[in-house]
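Subject: Structure handover

Hi,

Here is the structure I promised to pass on. Please open it first, then read my notes below.

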Amino acid sequence: MKLSKELVLQAKATFGTPTYLYDEAVLRSSFNELRDALPDCVDIFYALKVNPNLSLVKLIRSYGGNTEVCSLGELEIALKAGVAPQDIIFLGPYKKPEEHRRALEVGVYAIVVESETELRALSALAGSLGCTAPVAIRINPNFSASGSPWKMGGRPTHFGIEEDTAVANFGQYLALPNLHIKGIHVYNGTKILDAQSVYDNASYILDLYRNLTLRYDLDLSMVDVGGGLGIKYYENEKELDTRQLKQLLAPLFDSFHRQFPRTRIIVESGRFVAGKCGALLVTVDNIKHNHGKTFAVTDGGTNCHGAAAGSGQVLKRNFRIVHATGSNGAPLREYHISGPLCSPDDLLGRDVRIETLSEGDLLAVTASGAYGPTASPTLFHSHGHPAEVIVSHGRLFLARARQTALEIRDSHADVALDDMLAAPASAPVASSAPGVTASGATQAQLIEILRVVLKLPASTEVRADSHLRDHLGLDSLTSMELLVSLEDEIEGFFVNPDTIAPGHFNTVTTLAQYIDANRQNAPETASQGQPEVQYEPV
Ligand SMILES: Cc1ncc(COP(=O)(O)O)c(C=O)c1O
């Protein structure tokens with residue numbers, strides 16, 4: 001994304017900061033790049049969770065995109081953007097009855113059902129409404145997308161019905177009244193930058209569809225192979241090679257299409273379509289030195305852009321942050337770029353090398369069109385939602401106004417003080433948190449794996465309290481390697497990206513406790529006492 005200095009200054013003067021800028025030309029070219037990488041028999045469904053901005057969805061619709069929605073809010077946005085109900089699918093591991101009802105009422109293409117309970121509830125609801133519900137069964141397969149650092153399938157998650165159960169019970173699903181089971185849906189993971197992984201994933205799902213239709217002699221009409229295509233965020237990453245993707249996917253989908261000409265093939269994409277078109281524009285308010293570091297304090301931080309701040313991620317890596325008005329030719333210096341929050345973690349970038357900053361400078365956090373405000377605690381400090389602006393043909397369009405202080409204030413119910421104080425107080429329930437102990441067996445196994453991954457000589461003593469970073473030399477790269485080895489070697493253990501936190505990597509004991517707490521059939525005591533980390537879907 002390249003915006004002229006004039007446009008950036010105009011955006012600042014007109015809308016202030018922090019503001020997201022979305023460049024229509026880049027959005028269009030990303031969509032077209034994906035369109036071109038897929039054969040014509042494949043339909044692209046844009047995932048609104050990534051960026052539900054109404055004007056952006058309208059643009060994507062105009063390029064030929066369909067939509068995938070996960071809530072009533074997203075459904076209403078898609079409809080308002082002019083997306084035909086037959087080009088909408090509705091999914092999510094929990095849906096409210098009113099969401100099912102509205103999806104049926106407007107006639108979406110498919111409700112992606114994620115559990116047998118949901119299937120029965122939908123069957124009953126459709127019966128009571130006197131209609132037939134269009135359904136795709138979301139399957140959590142016995143296969144995980146190797147190139148995805150953030151896996152939703154192929155491991156224990158709350159998504160979908162596990163493959164063996166779904167395959168065994170598919171006949172029962174078909175027998176449920178008031179449902180039209182159109183096909184299957186699988187979404188295995190996000191941020192995939194390797195074309196071969198995308199291919200392997202799609203190929204597995206198409207085979208699953210083939211096997212199901214053969215086994216039950218079915219005439220299904222929809223297969224959703226997910227997607228999860230990534231974009232480059234960090235220095236050491238390479239863009240997804242869409243030419244290679246095209247070479248791999250064309251024969252795969254074309255031959256499937258020849259075999260099942262009436263089946264709608266769906267690829268879902270959010271990050272790839274919307275990621276590159278966006279930048280978060282922030283203003284440097286003050287620069288200060290603090291205990292050996294230089295901080296550039298800006299008006300937008302984690303509250304606007306949790307993904308760039310690495311919220312909830314063990315490995316915090318910097319998004320590319322640049323001078324929004326172009327190079328100033330000054331020497332490079334290193335800064336921690338922070339936001340306005342009273343949290344030491346409120347850093348958009350750590351040790352960022354950038355041309356010398358001055359107070360008042362405008363910075364752009366690039367590749368920020370996906371998982372921006374939606375994946376950020378915008379109400380922290382009651383700062384509210386940042387403004388969002390579409391840039392098209394040299395013009396700026398306010399696509400979402402900044403939330404004002406009074407709007408935030410007035411979103412609270414103003415309960416009368418007398419009423420609250422008159423209510424009977426209930427005594428808080430005392431709770432005692434038992435100490436957490438890791439099992440000796442896990443600790444011993446962990447020590448063996450640590451020795452291999454960190455190539456520790458036999459003379460290095462590894463004890464329960466050995467510090468993984470300071471004593472044993474664990475770093476960002478070896479942490480990833482370690483997690484992969486632990487998943488491979490320790491039966492039933494899977495890393496849970498929602499709960500893993502830097503604190504788990506302190507000592508052998510803290511990591512062993514985490515392992516125990518995240519093993520299937522883990523002992524009761526081991527699952528207690530997990531430090532909470534924020535959910536961060538990027
Ligand atoms: C079911 C589903 N579809 C689509 C997406 C969007 O994925 P991406 O942004 O990787 O394209 C997600 C992301 O979590 C998802 O869970």
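I'll start at one residue and work outwards. Keep in mind that the model is predicted.

Setting aside neighbours within four places in sequence, Ile 449 is in contact with Ser 485, Leu 486 and Glu 489. Ile 449 itself sits in helix H13. Is Ile 449 buried or exposed? Neither label fits: Ile 449 is partly exposed. The count is 16 other C-beta atoms within 10 Å, and a buried residue needs 20 or more, an exposed one 12 or fewer. One distance for your notes: Ile 449 and Ile 490 are 9.6 Å apart, C-alpha to C-alpha. In sequence they are 41 residues apart.

Next, the helix H15. This helix covers residues 508-517 and is mostly covered, with nine of its ten residues buried. Among the buried ones are Val 508, Leu 511, Tyr 514 and Ile 515. Asp 516 is on that list too. What do the buried residues of H15 pack against? Their partners are helix H13 (440-453) and helix H14 (476-489).

Now the ligand. The shell around the ligand has 17 residues. Which come nearest? Ala 47, Tyr 187, Thr 190, Gly 270 and Arg 271 do. By class, the shell splits into nine nonpolar, five polar and three charged residues. Strand E12 (264-269) supplies at least two of the shell residues, and so does helix H10 (271-274).

On to the domains. There are three: domain 1 (28-273), domain 2 (278-368 + 386-403) and domain 3 (440-527). The C-alpha centres of domain 1 and domain 2 are 34 Å apart. Six residues from domain 1 and eight residues from domain 2 make the contact. On the domain 1 side, four residues are nonpolar and two are polar. No charged residues appear on that side.

Last, the whole chain. Its secondary structure comes to 15 helices and 20 strands. The radius of gyration is 25 Å, and the globule rule gives 24 Å for 538 residues, so the chain is as compact as a globular protein of that length. The C-alpha trace spans about 70 × 65 × 65 Å along its principal axes. Buried residues account for 42% of the chain. Take the contacts between residues at least 6 apart in sequence: 71% of them join residues at least 24 apart.

Best wishes

Terms used:
Residues numbered from 1 in each chain as written. Predicted model: local features only at pLDDT ≥ 70, side-chain atom pairs only at ≥ 80, totals over all residues. Domains from an automatic or database assignment. Contact = placed C-beta atoms within 7 Å. Nonpolar A, V, L, I, M, F, W, Y, C, P; charged D, E, K, R; others polar. Near = placed C-beta within 6 Å. Helix = DSSP H or I, 4+ residues; strand = E, 2+ residues; numbered from the N terminus. Rg over C-alpha atoms; globule rule 2.2 N^0.38 Å.
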